[in-house]
Amino acid sequence: MARTTKKETLDKKNEPKAETSRHWRPNKQQRFVIGCLLVLFSIALLVAFISFYINGQSDQSAVSELGDRSEVVQNWLGKFGAFLSDIIVYKGFGLAAFIFVRLFFLTGMFLALELSLKKLKNIWFWDLFAIIIVSVLFGFFATSAPELGGTIGYELNLFSQDYIGKTGTLLALLFGLIIYLIFKIKLSPEKIQSYFDSTKNEIKSELNALKTQPKTENAYNLEEFAVEEPDEELDNIHLKTNESQFEINKEALKPTISNSSEIDLNPVVKPLQMNINPTTETLVHAEEFVIETPEEEDIIEENLASRLVADFGLFDPTLDLSNYKFPTIDLLKEYSTGGITINQEELEENKNKIVDTLRNYKIEIAQIKATVGPSVTLYEIVPEAGIRISKIKSLEDDIALSLSALGIRIIAPIPGKGTIGIEVPNKNPTTVSMKSVIGSAKFQEAEMELPIALGKTISNETFVVDLAKMPHLLMAGATGQGKSVGLNAVLTSLLYKKHPAEVKFVLVDPKKVELTLFNKIERHYLAKLPDTEDAIITDNAKVVNTLNSLCVEMDNRYSLLKDAMVRNIKEYNDKFKARKLNPEAGHRFLPYIVLVVDEFADLIMTAGKEVEIPIARLAQLARAIGIHLIIATQRPSVNVITGLIKANFPARIAFRVTSKIDSRTILDTQGADQLIGRGDLLYTNGNDVVRVQCAFIDTPEVEKITDFIGGQKAYATAYLLPEFIGEENGINLDMDISERDTLFREAAEIIVNAQQGSASLLQRKLKLGYNRAGRLIDQLEAAGIVGPFEGSKARSVNISDLSALDQFFNNEQN
C-alpha cells in the first residue's frame, strides 16, 4: 500500500471544501447573463401578447398540437408564443398579464446593473397585487369578453359574487384599489387638495394672461421646445494626460468590461503595464501597475428613516411627535460632482519615484497597484521574494523625500493582504460632502442602533459605524484639523436617522461657539438639568453637576432594568413597546443619551478628578443602559487622556497631531502625525486602523438642518435629567460659639496667615487627624472666615490679616 507523502497531505487539506451545503449565489458575470436573459424574455412576452390580441383566438386550436410541425399559427412568436399567450393571457390574467412584461424587464435590469434587490422585492409584491386586482376588475365588467380578464379573473369574480354578490365584489375591488393608491402611489388627501388648488391657480393665471395680453397668431412659447442636455461631468470620470483628455464612462467601469489602455513602464527587468480597473478585486498578473478607480455608490434621494417612523409595534414612543418630519437631503450642499479626478501623469510620476527609490536600496518590486481615493492614493506593492519588510518600513523618510509630499504613511503589511501599502496624498484632493455620505445606500440601509457616517475610505466607500457598539468614542487632534466638523458630522448623522423620541444629546461646549447652533433643537433632541436656562453647557462649573446627574440617571436606569429582568436598553425598550412593563411602576421608554464634550482638556484643567471620576464611571457602566460618550480634545497628553479614560474608550479617532508621542497616546501606534489635515483621520476600534476622509459639513448646512427641525412641533421642554445634590450641599454647620473646637482660634490664625483654606494645611500645622481638621474647616466656614467648598480648588479666605481677625473675634464677644 503506497504511503501518503507530506506534500500530498497538505494538498488535500488545501483543496476547496464542497460547497453543497452553501446557498448558490451568482457572481457578477452570471448575474449579468441572467439579467440579459430576463430582459429578452420580457420582450418576447410583449410580442406574443400583442399578437394574441391582434390575431384573436385563431391559434387556440393549434395550442394542443405543438408537436405537429405542419400546423400554422398566426402568433409572431410562433407556437411557443401561442402557448405562452394561452397559458398566461387566456387561461391566466387577461390584460393584466402585460404587467408580467414589466416585472421580468425590471428584474433583468436590476440583476444586470447590480442594483439593490430590496427595492425589487417591493416591486414584485405590489405588481402581483395589481395583477390580481386588474384581472378581477376586467372579469367583473367584461363578462362577455373573457380574454380581457382571463380565466382566473373571470372565475375569481364569479366565486366572489356567489358569496358577497355584485355589490360586495365591487366594494372589495374598490378597497383593493384604495390600498394600492395609498401604499404604492403614496396618494393622500393633502396631495389631492394641493393638486386641485394648483390647477385652480393655473387656470386663474391663464385667464388673467389672456385678458392682459393681445391675441397674436402663431405665438409660440420657446420654453416648450427647450431640450435638457445631460450633464456630462456628472456621468464621466476625467482622465487627465498631457496630450488629450480621455473620458471614462461610469458604465465602462463595471467589472465585466475591461479597459484596453496600456502604457509601457519599466519598474524592474520587464516593462510594467498600467490598467484602470474598478475597486473590485480582479486577477492581476505579475509585474504590472494597476490603478483602481472607485465605483460610485447609489445615492438614495429619499431619507429611508422617514418611512420607518411609525414601525414600533404595539406602543409607539413617537406619538407625541407623530407628524415629525426628518430633514431632507437637499438641505445639504454638494461640494463636488461626486466623481474622482484621476491624474494619470501624477500617478505615473509617483509610481516611478517609489520604484526608483526602492531600487536604489536594492529592493525590487514584483507588482504595484494604485487605489485612488478622495484625498489619498494607496500604492500596494509586492516585493520580490527574500525582501525584508522592515527594510522597506525604514525607508519611509526617503520615499517621502523623493515624492516631495506631506503625509506619507507606510503600512507594512496591510492587514488581510499580502502587500505593503504606501499612502500618498493627492495634489488635488476631492472634498467629501456630507450629502454624498448621508445619501449613500450604505448609510440609509444601515440596520444599526446609532449609525454614524464619518466619511469615505481610500476606496471611496462610505464609512458607517455604530455608536452603540463602540460604545464610546474618543476624538483627538491638533487645533484646526477637523474635530469640530467631525462632531457636527456625528450629530448630523444621528439627526437624519433617529426620531427625537429615540435619542437625546447632552452638549458640553467650553469654546461657547461650536455647538451653539443646536440650541434651536433644544426641545426636540437636547437634555439638560432642571432649572437651567441653556441646554448647551458652556460653563465648566456646571459640567460636574451634569456629569453627576448622568450618573444618577444611569443608576436609575439600571434599577429599571433590574425590575424588568433584562440586560440592556434594547431589550428593555422592546419589552416596554410590547406593553409588558407597567408605567405606573415607574417604567418608561428610555431614549439613548449621547454626551458630547468638545474640549475635554479644558475640563481637566479646571475641575480635574471631579470630571474624570464621573466620566470613568459612565464609560465603565453606561453602555448597557444607552448612555454613550463622545469626547474630543486637542491636547492628547497622558495627563488628559489618562489610562483610566483610554481603557474605557476602545473606539478612537485621531486627526493630525504634531508628534509621534501624541499619536501613540491616542491610537497606541504612530501614524496620526503623518496625516495631511483638513479632515484626514485614522479610526480604530481595537482592531485595524482605517484611514478615512471625514465628511465636510459647513455652518450654513447645520443651520438649515436645525432651522428645519426647530420649525416643527416640539416637546413642552427639553429632556430633563435628574437633579443632583452635592455632598457639601445641605450640611448643617455648627453656628454655636460654645461648641467650637478648642483649637478654633489657632486654626483661624493659621488659615489667615497662609490665605489658604484647606483641611490638609490644618493637619500639617496642628498635627491633627482628617476628621478633626474637617470639622474645624466647617466651623470656620460657618463663622464666615473661609468660603464654601469649590471642588479641587482651595477655599477662599474672607479675612485679610491677623488684625482683622482680632477685630472679628472682639465683635463676636461683644
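Let me begin with the overall make-up of the protein, whose secondary structure comes to 27 helices and 21 strands, and I should say at once that what we are looking at is a predicted model. Of the 814 residues in the protein, buried residues make up 47%, and the accessible surface of the protein is about 44000 Å², with carbon and sulfur atoms supplying 54% of it. If we take the contacts between residues at least 6 apart in sequence, 66% of them join residues at least 24 apart.

Turning to the surface, there is a nonpolar patch formed by Phe141, Leu170, Leu171, Leu174 and Leu177, which together have about 450 Å² of accessible area. Which element gives the most to this nonpolar patch? It is helix H7, residues 146–183, with four residues. Leu177 is found in that helix, and because its relative accessible area is 33%, Leu177 counts as partly exposed.

Next, the aromatic residues. A pair of aromatic rings is described by the distance of the centres and the angle of the planes. The count for this model comes to 15 aromatic pairs. In one of them, the rings of Phe93 and Phe100 have centres 5.9 Å apart and planes at 50°, so this pair is tilted. Phe93 is buried, at a relative accessible area of 17%, and Phe100 is buried too, at 15%. The pair of Phe463 and Tyr683, by contrast, is edge-to-face, with 5.3 Å from centre to centre and 65° between the planes. Here Phe463 lies in strand S12, residues 462–466, and Tyr683 in strand S19, residues 680–684, so the pair ties together parts that are 220 residues apart in sequence. Both Phe463 and Tyr683 are buried. I would also point out one aromatic cluster, formed by Phe125, Trp126, Phe129 and Tyr180, and a charge placed over a ring, where the charged end of Lys497 sits over Phe443, 5.4 Å from the ring centre.

That brings me to the charged side chains. Side chains of opposite charge can pair when their charged atoms come close. A search of the whole structure finds 23 salt bridges, and I have chosen a few to walk through. The side chains of Glu349 and Lys353 meet at 3.1 Å, N to O, and both residues lie in helix H10, residues 344–360, four residues apart, which is about one turn of the helix. Glu349 is partly exposed at 32% relative accessible area, and Lys353 is partly exposed at 26%.

In a second salt bridge, Asp668 and Arg652 meet at 3.0 Å, N to O. This pair links distant parts of the chain, with Asp668 in the loop between helix H22 and S19 and Arg652 in strand S18, 16 residues apart. Are these two partners buried or partly exposed? Asp668 is partly exposed, at 47% relative accessibility, whereas Arg652 is buried, with a relative accessible area of 8%.

A third salt bridge joins Asp806 and Arg745, whose closest N and O atoms are 2.9 Å apart. Since Asp806 lies in helix H27 and Arg745 in helix H24, the pair ties together parts that are 61 residues apart in sequence. Asp806 is partly exposed at 33%, as is Arg745 at 35% relative accessibility. Finally, salt bridges that share partners join Arg409, Glu423, Asp680 and Arg691 into one network.

Definitions and conventions: Residues numbered from 1 in each chain as written. Predicted model: local features only at pLDDT ≥ 70, side-chain atom pairs only at ≥ 80, totals over all residues. Heavy atoms only, no water. Patch = residues over 30% accessible without salt bridge, like charges linked within 9 Å, V, L, I, M, F, W, Y side chains within 5 Å. Areas by Shrake-Rupley, 256 points an atom, 1.4 Å probe, with all protein chains shown as cover. Salt bridge = Lys/Arg side-chain N within 4 Å of Asp/Glu carboxyl O. Helix = DSSP H or I, 4+ residues; strand = E, 2+ residues; numbered from the N terminus. Buried < 20%, exposed > 50% of the residue type's maximum accessible area, 1.4 Å probe, protein only. Phe/Tyr/Trp six-rings, centres within 6.5 Å; stacked < 30°, edge-to-face > 60°. Lys NZ or Arg CZ within 6 Å of the ring centre and 35° of its normal. Contact = heavy atoms within 4.5 Å.
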